[in-house]
Amino acid sequence: MAFLKNIQQNDLPDKELVKMFQSSGNLEVLAILFQRYMDLLYGVCLKYMPDSESAKDAVMQVFEELVQKLPKHEVENFKSWLYALAKNYCLMQLRTPKNLKTTEFNPDSVQSAEEMHLQGVNLKEENLQKMERCLDTLSREQRDTVKLFYLQNKCYKEIADITGLDWNKVRSYIQNGRRNLRICMEKVEEESSLLKIKT
């Protein structure tokens, strides 16, 4: 992503740059747009990809997707559209066969589609309940900023404006909150597994 750092700044609104790229196909115009939201893109990809290197790769792949898809779409709000594009790209990557764990087929373990659907719903509900419980263990600042960032898709600046907190504080609360949430979720998962073994 280093090459994008050398791109000249441009004060034109997103909408104007989108039109310019759509009419000319000029990649330098697209790169200006892309650079504006590269940090946002990296943040989105980091939420879905397993590590920072995968997230960086995903950001560059999203640029390739932009080259192909932006000329074909009417885009009113480029930032929102780009966010959705990045999120969908990451989700598609997570669903590709190389990222799905496979197990040997056992005809005896085949369940009806309805049973599998119900299991999936129950598991999702169970995970949401665990997350709610763990969110309650965070400090108020961590809980509020984590909810705004992950559940309402707000960026750091928007969260700073909403909460009145300093930008660096927002970043710190989100990072620490995410870490504490993960530790709590793992602990709850561990306790749940031990309970299942005992019963």
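1. Overall make-up. The protein has 9 helices and 0 strands, and bear in mind that this is a predicted model. Reading from the N terminus, the order of elements is simply α-α-α-α-α-α-α-α-α. There are 199 residues in the protein, and 29% of them count as buried. As for how the chain comes together, take the contacts between residues at least 6 apart in sequence: 60% of these join residues at least 24 apart.

2. Helix α2. I'd look at residues 27–36 early on. In this helix, 7 of the 10 residues are buried, so α2 is largely enclosed by the rest of the structure. The buried ones are Val 29, Leu 30, Ala 31, Ile 32, Leu 33, Phe 34 and Gln 35. What lies over them? The cover on the buried residues of α2 includes α1 (14–24), α3 (38–48), α4 and α5.

3. The α4/α5 pair. Two of the helices covering α2, namely α4 and α5, also pack on each other. The axes of α4 (residues 52–69) and α5 (residues 78–95) come within 10 Å, with a crossing angle of roughly 120°. That angle falls outside the perpendicular range of 65 to 115 and is not over 145, so α4 and α5 are oblique to each other. Their crossing is right-handed. From α4, the contact uses Ala 58, Gln 61, Val 62, Glu 65, Leu 66 and Lys 69, while α5 brings in Phe 78, Trp 81, Leu 82, Leu 85, Ala 86, Tyr 89 and Cys 90. Sorted by class, the residues of this contact are 10 nonpolar, 1 polar and 2 charged.

4. Helix α7 by itself. This helix covers residues 140–151, which makes 12 residues, and its first and last C-alpha atoms are 16 Å apart, close to the 16 Å expected at 1.5 Å a residue. Buried positions in α7 are Gln 142, Arg 143, Thr 145, Val 146, Leu 148 and Phe 149.

5. Arg 140. Is this residue of α7 buried or exposed? Arg 140 has a relative accessible area of 53%, so it counts as exposed; compare Arg 143 in α7, which is buried. Arg 140 and Tyr 173 are 33 residues apart along the chain, and their C-alpha atoms are separated by 9.7 Å.

6. The loop after α7. Asn 153 sits in the loop between α7 and α8. Its phi is near 55°, a positive value in a residue other than glycine. That is worth a second look, because most residues other than glycine have a negative phi. With a relative accessible area of 37%, Asn 153 is partly exposed.

7. The α7/α8 pair. Beyond that loop comes α8 (residues 156–163), and the axes of α7 and α8 come within 10 Å, crossing at roughly 135°. The two helices are therefore oblique to each other, and α7 passes α8 in a right-handed crossing. Which residues make the contact? On the α7 side they are Thr 145, Leu 148 and Phe 149, and on the α8 side Tyr 156, Ile 159, Ile 162 and Thr 163. This contact has 5 nonpolar, 2 polar and no charged residues. Thr 145, Leu 148 and Phe 149 also appear among the buried residues of α7.

Key: Residues numbered from 1 in each chain as written. Predicted model: local features only at pLDDT ≥ 70, side-chain atom pairs only at ≥ 80, totals over all residues. Heavy atoms only, no water. Helix = DSSP H or I, 4+ residues; strand = E, 2+ residues; numbered from the N terminus. Expected span 1.5 Å × (residues − 1). Buried < 20%, exposed > 50% of the residue type's maximum accessible area, 1.4 Å probe, protein only. Axes fitted to C-alpha atoms, helices over the stretch in contact; angles between N-to-C directions. Parallel < 35°, antiparallel > 145°, perpendicular 65-115°, else oblique. Left-handed = near helix turned anticlockwise from the far one by under 90°. Contact = heavy atoms within 4.5 Å. Nonpolar A, V, L, I, M, F, W, Y, C, P; charged D, E, K, R; others polar.
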